[in-house]
Amino acid sequence: MKPSPSGITRATLADFQRDARGEYAAEIAWEFNRPGWMRNHVNGKFFEIGRLQYVIGTFGYSFRIYRDQETSEIIPFALPGRHCTAEGWMEDDATGFETTLEERSDGIYGYPASPQDGSIASTLKRIAAQSLVLVDDQTTVLHIHIPSGGSLDRKSCVESLQTAKTFFEKYFPEINVRAFCTSTWLLDRELAKVLSPDSNIAAFAHLFRP
């Protein structure tokens with residue numbers, strides 16, 4: 001059964017108790033030491049919807065994501081001026097190459113991120129000039145957090161994502177959420193080498209593009 005709005009409110013506020021109790025050390029006395037994180041709960045930016053939690057925010061990553069008008073492919077281009085290692089990882093003092101991003105009359109030229117591991121290609125790629133910007137660094141998105149406890153099975157995660165999409169469209173139509181994002185070790189593609197293909201972690205990782 002999908003959670004009701006009142007059920008979402010109760011689950012969201014119950015996270016105060018979960019945080020105060022401590023997620024990993026039940027024998028330690030209760031304490032409340034993360035007021036910065038809990039500020040999201042009381043200012044209307046945080047919601048627990050089914051298995052996953054969501055915080056309203058901006059994309060914030062160093063990419064602009066397009067849908068190529070010619071191929072319909074989704075292409076994340078690195079924003080200009082990012083220093084990268086030869087292997088394509090952003091580092092402030094890297095000397096491999098520096099990204100550019102140009103929207104010209106004959107096309108949009110940039111350095112795309114790999115759909116396999118998120119590294120940045122060292123050669124320019126062109127997409128159609130009129131390609132739609134889906135997400136940039138200031139786009140409003142929902143940042144996903146995973147509360148402790150419970151299974152991370154794909155069905156419950158997908159149901160949470162679907163319910164969250166409907167919930168925010170209905171109750172926060174002015175926000176115009178454009179994407180779900182998360183930053184977690186669970187998305188590391190190296191895990192696929194040691195996990196079985198039907199593991200919950202592997203299934204969760206494949207819900208996202210690095």
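What volume does the largest pocket have? In this predicted model, the largest pocket has a volume of about 1,200 Å³, and its surroundings can be described once the overall layout of the chain has been set out.

The chain contains 4 helices and 12 strands, and its C-alpha trace spans about 60 × 40 × 35 Å along the principal axes. Of its 210 residues, 39% count as buried, where buried means a relative accessible area under 20%. Among the contacts with a separation of 6 or more, 59% are accounted for by residues that stand 24 or more positions apart.

One part of the fold is an open sheet of 4 strands, arranged in the order 1-2-11-12 and with mixed pairing. Strand 1 (46-49) and strand 12 (180-181) stand at the edges of this sheet, and each has a single partner strand, so one side of each is left without a neighbour in the sheet. Within the sheet, strand 2, made of residues 52-58, pairs with strand 11, made of residues 140-145, in the antiparallel sense over 6 bridges. Two positions illustrate this pairing: Thr58 stands opposite Thr140 in strand 11, and Val55 has His143 in strand 11 as its bridge partner. Strand 11 also pairs with strand 12, in this case in the parallel sense and over 2 bridges. His143 takes part here as well, with Cys181 as its bridge partner in strand 12, so that His143 can be followed from Val55 to Cys181 when the sheet is traced across the structure. Helix 3, which covers residues 154-171, lies across strand 1, strand 2, strand 11 and strand 12, and runs at about 45 degrees to strand 2.

A further set of pairings involves strand 7, strand 8 and strand 9. Strand 7 (residues 101-104) and strand 8 run antiparallel and are joined by 4 bridges, and a hairpin of 2 residues connects strand 7 to strand 8. In this pair, the bridge partner of Glu103 is Ile108 in strand 8. Strand 8 pairs in addition with strand 9 (residues 125-127), in the antiparallel sense over 3 bridges, and Tyr109 stands opposite Arg126 in strand 9. Both faces of strand 8 (residues 107-110) are covered, since Gly107 and Tyr109 on one side and Ile108 and Gly110 on the other are all buried, that is, under 20% relative accessible area.

Glu91 offers an example from a loop, as its place is between strand 5 (83-84) and strand 6 (97-98). Glu91 has a relative accessible area of 40% and is therefore partly exposed. When residues up to four places away in sequence are not counted, Glu91 touches His83 and Thr85. The C-alpha atoms of Glu91 and Thr182 are 20 Å apart in space, while the two residues are 91 residues apart in sequence.

The empty spaces of the model form the last topic. Rolling a probe the size of a water molecule over the atoms shows where empty space is left. The largest pocket is lined by 41 residues, of which Phe59, Phe180, Cys181, Arg209 and Pro210 lie nearest its centre. Cys181, listed among these residues, is also the bridge partner of His143 in strand 12. At least two lining residues are supplied by each of strand 3 (63-67), strand 4 (74-78), strand 10 (132-135), helix 3 and strand 12, and the largest share, 5 residues, comes from helix 3. The lining of the largest pocket divides into 26 nonpolar, 7 polar and 8 charged residues.

How many cavities of 30 Å³ or more does a search of the whole structure find? The search finds 1 such cavity, and the volume of the largest cavity is about 60 Å³. Its lining consists of Leu186, Asp188, Arg189, Leu191, Ala192, Ile201, Ala202, Ala205 and His206, and these residues of the largest cavity divide into 6 nonpolar, 1 polar and 2 charged.

Key
Residues are numbered from 1 along each chain as its sequence is written. This is a predicted model: local features need pLDDT of at least 70, side-chain atom pairs count only at pLDDT 80 or more; totals for chains, interfaces and linings use all residues. Side-chain values use heavy atoms; hydrogens and water are left out. Two strands pair if DSSP finds at least two bridges between them. Contact means heavy atoms within 4.5 Å. Axes are lines fitted to C-alpha atoms, for helices over the stretch in contact, and angles run from 0 to 180 degrees between N-to-C directions. On a 1 Å grid over the protein atoms alone, a cavity is a set of points where a 1.4 Å probe fits but cannot get out, and a pocket is an open set with protein on both sides within 12 Å along at least five of seven lines; lining residues have an atom within 4 Å of a point. Grid points are joined across faces, edges and corners, and a volume is the space filled by probe spheres set on the points. Ala, Val, Leu, Ile, Met, Phe, Trp, Tyr, Cys and Pro count as nonpolar, Asp, Glu, Lys and Arg as charged, and the others, Gly among them, as polar. Buried means under 20% relative accessible area, exposed over 50%, partly exposed in between (1.4 Å probe, protein chains only).
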